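Got your viewer open? Load the model, turn on the cartoon view, and let's walk through it one selection at a time.

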Amino acid sequence: MRATQAVRSAQPGGHGYMGWWGNFGGPKQRWVIQYGISPYRVKPMKGAFKHWATNGFKRTALQAPYFVVPFAAAYAIIQWADHDNHIRNSKQGILEGKHP
């Protein structure tokens, strides 16, 4: 059986010790730039609930017509249909000719 191409390729092997992490024996690095982490990245939810009391209520109140009106209309239609169904399927509804 023949060895595959990957086995015969020039992949680096475990034949030499390169050193521990950060100490690979290369030239000393120059012009190393260090970066810090923003405090907003460290604590992204800082003050979220405290500020929601004012700004969140205002934003919710501005969006309320877009979700309250459709839900109220749907609730009213379902209540009407349920009441109408009870009337149509009762003795009184049948006597009044509302039963199909």
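Start by selecting F71 and showing its side chain. Is F71 buried or exposed? It counts as exposed, because its relative accessibility is 63% and the cut-off for that label is over 50%. Keep in mind as you look around that this is a predicted model.

Next, add F67 and V68 to your selection. Together with F71, these residues make up a nonpolar patch on the surface. Turn on a surface view if you like: the accessible area of the three comes to about 320 Å².

Now zoom out a little to see where F71 sits, which is helix α3. Select residues 48-88 to light up that helix. Look along α3 and stop at A64: the helix bends there by about 50 degrees. Click a few positions onward too, since P65, a proline, follows within four residues of the bend.

Want to check the helix with a distance tool? Pick the C-alpha atoms at the two ends of α3, and you should get 52 Å. A straight helix of 41 residues would span 60 Å, at 1.5 Å a residue.

Stay in α3 and select D84 and R88. What joins their side chains? They meet in a salt bridge, with 2.8 Å from N to O. Both residues belong to α3 and are 4 residues apart, about one turn of the helix. The salt bridge count for the model is 1. While R88 is still selected, note that it counts as partly exposed, because its relative accessibility is 35%, and that label covers values between 20% and 50%.

Time to step back and show the whole protein. How many helices and strands are there? You'll find 4 helices and 0 strands, so to speak an α-α-α-α run when you read from the N terminus on.

Switch to a surface view of everything. Of the 100 residues, 2% count as buried. The protein exposes about 10,600 Å², and carbon and sulfur atoms supply 63% of that area.

For the last stop, color the model by pLDDT. The mean for the protein is 80, with 76% of its residues reaching 70 or more. Select residues 5-8, helix α1, to find where confidence is lowest, at a mean of 55. Then go back to α3, where confidence is highest, at 92.

Conventions: Residues are numbered from 1 along each chain as its sequence is written. Side-chain values use heavy atoms; hydrogens and water are left out. A salt bridge is a side-chain nitrogen of Lys or Arg within 4 Å of a carboxyl oxygen of Asp or Glu. Buried means under 20% relative accessible area, exposed over 50%, partly exposed in between (1.4 Å probe, protein chains only). Accessible areas come from the Shrake-Rupley method with a 1.4 Å probe; for residues, only the protein chains shown count as cover. Patches are made of residues with over 30% relative accessible area and no salt bridge: like charges are joined within 9 Å, nonpolar side chains (Val, Leu, Ile, Met, Phe, Trp, Tyr) within 5 Å. The expected span of a helix is 1.5 Å times one less than its number of residues. The bend at a residue is the angle between axes fitted to the seven residues ending there and the seven starting there. pLDDT is the predictor's confidence in each residue, from 0 to 100.
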